[in-house]
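Hi there,

As promised, I am passing a structure on to you, along with some notes to read beside it. Take your time and have a look before reading on.

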Protein chains: 2
Amino acid sequence: MRTPAIWLAILSALGLAAPAAAEDGYDLWLRHRPLADAPALAVEAAEADATVRLAARELERAAAGWRGGAAPAVSARALLIGTTASPAIAALRLPLAKLGEDGFVIRSASVGGRATMVIAANRPVGVLYGAFALIRRVEQGEAIDRIAVQDRPRVALRMLNHWDNLDRHVERGYAGQSIFDWWRLPDRVDPRLTDYARANASIGINAAVLNNVNAKADSLTAPYLAKAAAVADVLRPWGIRTFLSARFSAPIELGGLKTADPRDPAVAAWWRAKADEVWRAIPDFGGFLVKANSEGQPGPRDYGASHADGANMLAAAVRPHGGTVVWRAFVYADTDPADRAKQAWTEFRPLDGKFADNVLVQVKNGPLDFQPREPFHPLFGAMPKTPLVAEFQITKEYLGFSTHLAYLGTMWSEVLSADTFAKGKGSTVAKVVDGSLEGHRLTGIAGVANIGTDRDWSGSIFDQANWYAFGRLAWDPAADPAALAREWAAQTFSPAVAAPVAAMMMPSRQAVVDYMTPLGLAHLMGTGHHYGPAPWVADLARPEWNPVYYHRADARGIGFDRTRTGSDAVAQYARPLARRFADPRTVGEDYLLWFHHLPWDYRMPEGGTLWQALVRRYDRGVAAVGTMRAQWQALRPDIDAERFRVVSDDLAVQEREARWWRDASVAYWTSINGLPLPAGAAAPADTLDHYKSLSFPYAPGQGK
Amino acid sequence: MRTPAIWLAILSALGLAAPAAAEDGYDLWLRHRPLADAPALAVEAAEADATVRLAARELERAAAGWRGGAAPAVSARALLIGTTASPAIAALRLPLAKLGEDGFVIRSASVGGRATMVIAANRPVGVLYGAFALIRRVEQGEAIDRIAVQDRPRVALRMLNHWDNLDRHVERGYAGQSIFDWWRLPDRVDPRLTDYARANASIGINAAVLNNVNAKADSLTAPYLAKAAAVADVLRPWGIRTFLSARFSAPIELGGLKTADPRDPAVAAWWRAKADEVWRAIPDFGGFLVKANSEGQPGPRDYGASHADGANMLAAAVRPHGGTVVWRAFVYADTDPADRAKQAWTEFRPLDGKFADNVLVQVKNGPLDFQPREPFHPLFGAMPKTPLVAEFQITKEYLGFSTHLAYLGTMWSEVLSADTFAKGKGSTVAKVVDGSLEGHRLTGIAGVANIGTDRDWSGSIFDQANWYAFGRLAWDPAADPAALAREWAAQTFSPAVAAPVAAMMMPSRQAVVDYMTPLGLAHLMGTGHHYGPAPWVADLARPEWNPVYYHRADARGIGFDRTRTGSDAVAQYARPLARRFADPRTVGEDYLLWFHHLPWDYRMPEGGTLWQALVRRYDRGVAAVGTMRAQWQALRPDIDAERFRVVSDDLAVQEREARWWRDASVAYWTSINGLPLPAGAAAPADTLDHYKSLSFPYAPGQGK
């Protein structure tokens, strides 16, 4: 019998009033929590432009949040915002001439004899960027009257690529379904799209490709253009231009033509008419992104034409509308036995100078496919006449989906700051991409989005940081990823935890490298879904689909020889780099097994054998996750309960999966090299057969 | 040049403070908006039970909402809640003896000399139901001190069936992905699951089948049972038991057996061991739902055994744990040329009396498949020795997905109040289902859920009403659907609009019948996705997959002859009904073409020909949607902007699609009968070829 007990349920009315408004992550980094010395703002918009109005609204909204619901102060600080098109701003003669279309100035000025903060720009979107910059700085603890900024983005196209299918499945998506509800559009326009646009604008993103690069022709039909137009209407006032992925064979599938040969006048005419139709629906349409002759997609090579032929035909179609073609260089052929990492360079470098001037070629950060670590793609610096878009993957296809905490700002910065030596020392990837190395005006950075219908947008709180860092690095490729991590953490949590949260984030990607693919290994993930370890897979149809293709481990050694004795991929890099990469003593441990096949007993600079070093890396990776967990636990008093718990739960999964990666990999390598475990290394928790037996048919994000 | 204009952006701080907390539908009917005479409650729980604690919390939460954030009143009304296990409740000697496990009493009493409201029950879940009943009544405007209720559910198992796949795709789901995130479970338990459980408990639902009846064996593996257990842990305190759909061939797929023959001892042993494992993971597990030998699913018929053999073998496995087997009667064989509408009766009726006493047979409301209107399933009343679960489809596979406003309370009530004449007049389906006709103790009603990750849960605000009405009708199959519509509308919007909103809802399902499948027509929807009209489809592999199978229209007439001159399906009904159905003069217009093939110039009781009447019904259906739109527009002042807009947008789509249904159908019938349009009827807006050319490859909810 139950012990009878009378007890009183006393519940805080406050806590009950809005339980659904708990910290569920929906607000991203735009939380606008109460500040101790909340500045009161009297925002005055110098013109009636819709985007300037949004900027004013954002400032008011932030200020209301900072006040925490308190009434506006009677004597608020005047804040005048607008473009040089307004007399009030023009009269201030601010140094806007060199800030271009998207730059802005924030400073104090005397307006009509009154001390006034001013956000000024050449175009309305610059005012919006300035407003978000001011908010960002206040929320990091800067005193508003000390803020004086002149800024402009270094890259013109700061673009998200959504790999979102028309049925709402997101390829490589780990955050629910697509936020683009094609079925209900254009009649039902989810208010969430406004929040999406706003979040992008707050970090400077100004372009979005709405559909998967593995494209369906349907996205170019009239009904789907009307749907895309409804999305574009939402994005427009936030300074975001809409792009679509185009399926190269659409003239056949939609137009009833017999061919999609780019040299066929009927094909070119079809695309011209289609471009006209698209721009009628979306007057500020940006252009087409194309994945051609890559992983089964149709393309110009089907007709013996080159990628340049294909891109230029489309470029001609979009030119009358000021449109752009972004053509992906991610190609590798099932008929080409050459090292997959070499093939894009081989195919695209000869085309340098052959692309129309409204074509950008989009190159993944590394030559393979978004691995935890790759050397930069050798095309960077190798196509001086062609503007290259750097393509990063924000969604973590190969880095633990949205469960593992892995801050990618460090990875992207590592690539952007890498020196191509294309025009001598200091020819960084950043300078290639921002156009400064070769004087390109048309420039771009693309990120494969990690956005979905999950309430927290990205599948986890910390994955929001990657969306954030992508936008900020696209704005300034030289930005310090540690500063961006602190910036994000201050806004997402609080300035008080910015430093310790950033301290968790900064080594997190190296931890993933260590427990998944240490010392330059790559592509050892499970087949298809890329979840979990599967270095043993050797039975897939195409050689380069198999992990064994990449690690080449046998009883004697491990690694992919990409020196002259092997595939000679090193030769695709500039001379000084090629020399450095070609020597295992100078390549450095990050790319050691990427470029070299070495014996298991190879002596490492750190002492001991390669085998010992390899196991040490796995253990280091697992330990790093343990450290992150401890760091997070220490933050418990400073983090709201809901987000604290969900991050804690994910970190527990990450530690378990890091161990799994380590144990399965070590068990497999042992089965290959027959070596005993290094002294002090723990035996794998289970047998290799167990690890091989695991299957994950319902893993999210798979291609369809 | 832009006209320079200075304008001041004045924005309400209140409006800005919580824009994300707009009326997005997440709160369902549990909104607890401020009331004019908000009763202040001092809730006292008579015992420390978790469920009683939840009941107390719900009451406090509602009362806080009614106060609208104002401080609790100093002299609050005492409200004592608890079960007869507590001395304080037991001492009141309330009339709980006949209220069973789930019933409750609400009344005023003197407790310790103090006037006190009391919610009392035999079990904690009854207290929870009582708490929600009290809240529901207050929110409909009842004065709290006048509330005196004794209530109990008429049906034991009030069950949702989720057709949710393990990859989160929801078959026939139009509200986003599955709320069951199998991939992240059990580590990540979405707080939304608590809100799901709470919503169900508030309307009396006490069982949930978590996975699709088109089941994968994987759901019975240890990892997936751990995931289901994590869900069950959330549902348990809300009085909801967890069920799983079981794949009949699991002993082969998981157990490595050569057969799933229910008469094989190894198969029975496998299921016993599996049941033991399931109950170890989920101690209050409810049992298995099985779709066997139906639309490609494996089953006992594969081995020449009967459905009873299969169900009883499983029943033996779950019996030691007090478990239940729910066995679906939805069968039709590709090898059986008989009228599909007859096959379930033919197969199951001979099995009456052969099922174990912990087996329920689950029968769809009609003999076909959740059409806008069907006569009740002839198995109701035909299996007196077998408890039958009525299966309703809450998700609107055949009634316009979640876009069309169609209140299904009227449809279900129509079925439940239908007289089977099984034991003479008054032998309603409700009495079959609630067990009163034959004295069954084990009873159930199942609804195929319309719940997904959409913020509004059901894909539209008005589809929430179907979830609500299902729960309330499962509690009391005799409930008045008009009263339930008002109840829902009062809580979801406000008491002031309850009557006009209910007035929109009540004729809405008939409107769908009229513009899609008037006069007893059925199954004329597009292939596979069931979206839009496709009465012309005649080329599918199985005859009964084709709309032409159902309408049988030719130059002379239209309709399916199910009288003795045809399939004689009428003979499956009790004599008085069979007689009524067999005569076109007595069958009534609702089932006219369901049971009869009639000439186009058949004279209708209303005057004129069948052809004229048919077109008149289509036009009436379209007009009814126009009326709903006007009714909704008139409510604009009383509905929040966000929900007003989204409902308005959907109604516009519904009217457009109603016209499409009408025009495409009329165009098709004209092509068959060669008749001119009746006088005054508008010509279809487009050609039949146009309607035939439409295709919808990305329609949501398709089977996979």
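A good place to begin is with the UniProt record: an unreviewed entry lists residues 138-457 of chain A as "domain: Glycosyl hydrolase family 67 catalytic". Please keep in mind that what you are looking at is a predicted model. Over residues 138-457 of chain A, helix makes up 26% and strand 13%, and the C-alpha atoms at the two ends are 24 Å apart.

UniProt, again in an unreviewed entry, also gives residues 29-134 of chain A as "domain: Alpha glucuronidase N-terminal". That span is 31% helix and 26% strand, with 14 Å between its end C-alpha atoms.

The domain assignment of chain A can be set beside those records. It gives domain 1 (4-151), domain 2 (157-470) and domain 3, which is written in two pieces, 513-560 and 597-693. Taken over C-alpha atoms, the centres of domain 1 and domain 3 of chain A are separated by 45 Å.

Now to the place where the two chains meet. How many residues does each chain bring to the contact? Chain B gives 70 residues and chain A gives 70 residues. The size of an interface is often given as the accessible area lost when the parts come together. Here chain A and chain B bury about 5600 Å² between them, and 56% of that is on carbon and sulfur atoms.

There are charged and polar links across this interface too. Four salt bridges are found between chain B and chain A. You can look up one that joins the side chains of B:Asp650 and A:Arg188, at 2.7 Å from N to O. In addition, 15 residue pairs are in polar contact across the interface, both partners having pLDDT 80 or more. On the side of chain B that touches chain A, the elements giving two or more residues include α2 (50-67) and α21 (641-673), as well as strands β1 (7-8) and β2 (41-45). Sorted by class, that side of chain B has 37 nonpolar, seven polar and 26 charged residues.

Salt bridges also occur inside a chain, and the count over all chains comes to 86. Within chain A, A:Glu44 pairs with A:Arg114, the closest N and O atoms being 3.8 Å apart. This pair links distant parts of the chain: A:Glu44 is in strand β2 (residues 41-45) and A:Arg114 is in strand β5 (residues 114-121), 70 residues apart.

Finally, a few backbone details to look for. Most residues other than glycine have a negative phi, and most peptide bonds are trans. Which peptide bond in chain A is cis? The one from A:Leu185 to A:Pro186 is, with omega near 0°. A:Pro186 sits in the loop between β7 (157-161) and α5 (192-202) of chain A. In chain B, the bond from B:Leu185 to B:Pro186 is cis, with omega near 0°, and B:Pro186 lies in the loop between β7 (157-161) and α5 (192-202) of chain B. The loop between β7 and α5 of chain A also holds A:Arg168. A:Arg168 has a positive phi of about 80° although it is not a glycine.

Happy exploring!

Terms used:
Residues are numbered from 1 along each chain as its sequence is written. Chains are lettered from A and ligands numbered from 1 in the order in which they are written. Side-chain values use heavy atoms; hydrogens and water are left out. Contact means heavy atoms within 4.5 Å. Buried area is the accessible area (1.4 Å probe) that two parts lose on being put together, summed over both. A polar contact is a pair of N or O atoms within 3.5 Å; within protein, one must be able to donate a hydrogen and the other to accept it, and residues adjacent in sequence count only if both atoms are side-chain atoms. Helices (H or I, at least four residues) and strands (E, at least two) are DSSP runs, numbered from the N terminus. Ala, Val, Leu, Ile, Met, Phe, Trp, Tyr, Cys and Pro count as nonpolar, Asp, Glu, Lys and Arg as charged, and the others, Gly among them, as polar. Domain bounds come from an automatic or database domain assignment. UniProt positions are given in the numbering used here, feature names are shortened, and annotations may be inferred rather than shown by experiment.
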